[in-house]
Amino acid sequence: MLKDRFSTRGRATVFYERHPLFVLAMVAVACVAIADWQIAGGIAAAFGLGFVGFFLKGWRHGLAWLLCGCLAIGGFTWRNEFRKSAERALIGSAGGEMQGRVLADVQGARYWVAPVVLQTGLQAGAKVSWQGRGEVPVAGAIVKGRGNFGPLPLPRNPGEFDQAAWLRSQGIAAVFEAAFSDGEVETGRLARLGSRIRQSFRTAVTAGLEEESEQARVIRAIVIGEQPQDSDVLVAAFRNSGTLHAFSVSGLHVAMVGSIGWLILRLLGVPRRWAVIVLLPLIFGYSWLTGNSAPAVRSAWMAAVFLGAFVFRRRPDLLNALGAVLLAAMLFDGRLLFQPGVQLSYGVVAAISVGTVWTSRLFSWMAKPELYLPLAMMTRWQSWWLNRRRNFAQSLGVSLAAGIGSTPLTAFHFGLVTPISVFAGIVLIPLVFVLLCAALLSVAFYPVSQPVSRWVTQVNAKVADACVLTAKGFSAVPGGHFQLRQNNQPFLLVYDLERGAGAACFSSGKEGAVLLDCADFYNFKRRVVPSLRRLGVTPDSVVLSHPDGGHLGGGAPVWEAFPIKQVLLPVERSRSPGFRSWLNDAPAAGIKTLQAADLPSLPMPDGARLEILHTPAPRAQNAMADERVAIFRLHWRGWKILLTTDAGVGAELALLDARKDVSADLIIAGHHRGDLTLTDPFLDAVHPQAIIASNSPFPVTERLDPRRVTYWRTRGIQVIDQAKSGGVTLTIDPSGALRLQGFADHSTLLLSPKK
């Protein structure tokens, strides 16, 4: 009997007996994961796992396993097919007047985006991403508007966040574009009251602090889960230290709120069973106050199941609580399984539950008392020191288990490994706990005494500063974090961006990278920065082609995101605020500024050289930006690449009149807003094999005329239209051929060296 208990079957049976809900949840997870690949495979897996349950515990348990697997597959398949059919129907429809219910509070001003369930039309019940204009709605409000349906936005550049995949996992079928005219918003009493309460809570946690101060943003991020906008450096510090989970309301925050409530109730002498009954509304109330984010709701339900065991006088089990919530999620909507946040939250809790027993053994030496000294004979100091060591050893064990559990998922989804997180969490988590306590204390005092609330918040601001310094300190530890997806091959990436913005990055693949224009502020933050971080590229230099807002990145945000050491400026003066930031603020930030007119060329990574062919009049600041374009030619391993960006016929004629050699193998071209580009005499002089042409549907001046593409091709020039290709990556093959790869259409063009 003892021998059977320690056999493989015996150990599996014991584990199932202790954690039946967790095992059932894993059955549902496995069936959904396989069904996503192939429905027949998922059904086969359900029957196979049902046989395993029968083998372990008998036919009743085998049938339960089979039913859990089949029900999870059925719900997953039905929801998937409903979303897909709604997507096909909505995109193929003519749009028109629509009405829907908003599912979550919206952040924004005049223009906003919100998840909405349609209430009218043939596809009533379908979820859409509603792009509206006018009054900003709240959760539960009814919105009306006229517009058209469009497809979910696919990524256009390497490393860019796949918003379409994320929206699909949320059940979103299409985008409803109603932002061309103000819509109607009807807000019921309950929805309006809920919004007012949540807004008051938001105000109280940062009472007395400047709205956009770093301390206020950190407090709101930790307490409410409100993502700090335009704070890339701040977010990067938490991400690289492996503590970014502190910036979203998750199981950590819900557990802390529950712990705070538990301590208060214990001090008041409330019995444990009654304390649990009080704690559950507190936990769910906190989740609701923070916007009912998916991680908070999952954590609240997990806490409810775990604490509910005390009410019914049962022994609580973290794995069973996790399994109950995960099983319910899989039966309700199996698509949740494919969200990185779901995988991380459940995976980390499972790793802590299972792995802490083993990881704690590594630090058990810290928790051992003094040899030959009975506990009863210890002094107060010795007892205190022993308890501190035991708490520290337990924290290290939990942190290591969480780190081990999260590492495969963060490496797979984000290409980032943060071994320093094991130690960063031990320091940061207590600070987060103190910050959360102070924030809730501020909320408690706010209706009674706002001066006291503001004083508490001022103290909490110091705690927020300590959190930031901790994250920055650990993120700066050598080897504390590293990217797995770093491209070690030299490349030139030409971004495809909205509204005619321009940016490219030339990287050696190892050390050294240069930004050739930086896009506008929005595209830089939402497209360029995430892309480069995911690719593991850190630019240290910037080359600007002209003082246009769509190419400057906003100035300071660029050197806040990357360690920029120098910038090449095309002109000396400009009225553009972004350019003035580069001209005046960059030197104060320690960035060396160079003038294009003073240099014949600029050294580039990988032994390349950027030749400066044309510079505009340096002081003609009243001329439009597209008339002040510097033209560069990149010499790279025998290839010549001409970057004309938005230059017009005036710059082309200036080059031709100066009789300069402008020959190149490839042209990377944008659009002049009011003039011709790439005229016949200029193309004759350049004699390119190919053109990479930007093509943005809006505004009209940034569109590429298809007749021009046809004409260029009649001249024997191959054309890459970025409306089709998306971002284009240029690399050089071992044979010396120049390879151009389109990201969106997966196209490949090989250029051979000219003979």
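This is a short walk through a nine-stranded sheet, a strand group around β16, the residue I668 and a nonpolar core.

The model is predicted, so local features need pLDDT of at least 70 and side-chain atom pairs count only at pLDDT 80 or more, while totals for chains, interfaces and linings use all residues. Residues are numbered from 1 along each chain as its sequence is written, and side-chain values use heavy atoms, with hydrogens and water left out.

I start with the sheet. Helices (H or I, at least four residues) and strands (E, at least two) are DSSP runs, numbered from the N terminus. Two strands pair if DSSP finds at least two bridges between them. Nine strands make an open, mixed sheet, ordered β14-β13-β12-β11-β10-β9-β22-β23-β24. The edges are β14 (592-595) and β24 (748-751); each has a single partner strand, so one side of each is left without a neighbour in the sheet. On average, neighbouring strands here are turned by 15° against each other, direction ignored. Inside the sheet, β22 (728-732) and β23 (738-742) run antiparallel with five bridges, and T729 faces Q741 of β23.

Helix α18 (521-535) lies across β9, β10 and β11, at about 165° to β11. For such angles, axes are lines fitted to C-alpha atoms, for helices over the stretch in contact, and the angles run from 0 to 180 degrees between N-to-C directions. Contact means heavy atoms within 4.5 Å.

Next, β16 (609-614). Buried means under 20% relative accessible area, exposed over 50%, partly exposed in between, with a 1.4 Å probe and protein chains only. Five of the six residues of β16 are buried. β16 pairs antiparallel with β15 (601-603) over three bridges, where P603 stands opposite R609. These two form a hairpin with five residues between them, and D606 in the turn has a positive phi of about 60°. β16 also pairs antiparallel with β17 (631-636), over five bridges; there, L610 has L634 as its bridge partner.

Is I668, in strand β19, buried or exposed? I668 counts as buried because its relative accessibility is 10%. Beyond four places in sequence, its contacts include L492, V494, I641 and I692.

Last, the core. A nonpolar core is a set of buried Ala, Val, Leu, Ile, Met, Phe, Trp, Tyr and Cys residues joined through side-chain atoms within 4.5 Å. The largest has 45 residues, and V223, F238 and L435 touch the most other members. Helices that each supply at least two residues include α7, α8, α16 and α17. Leaving out residues up to four places away, F238 touches residues including L428, C467 and A471.
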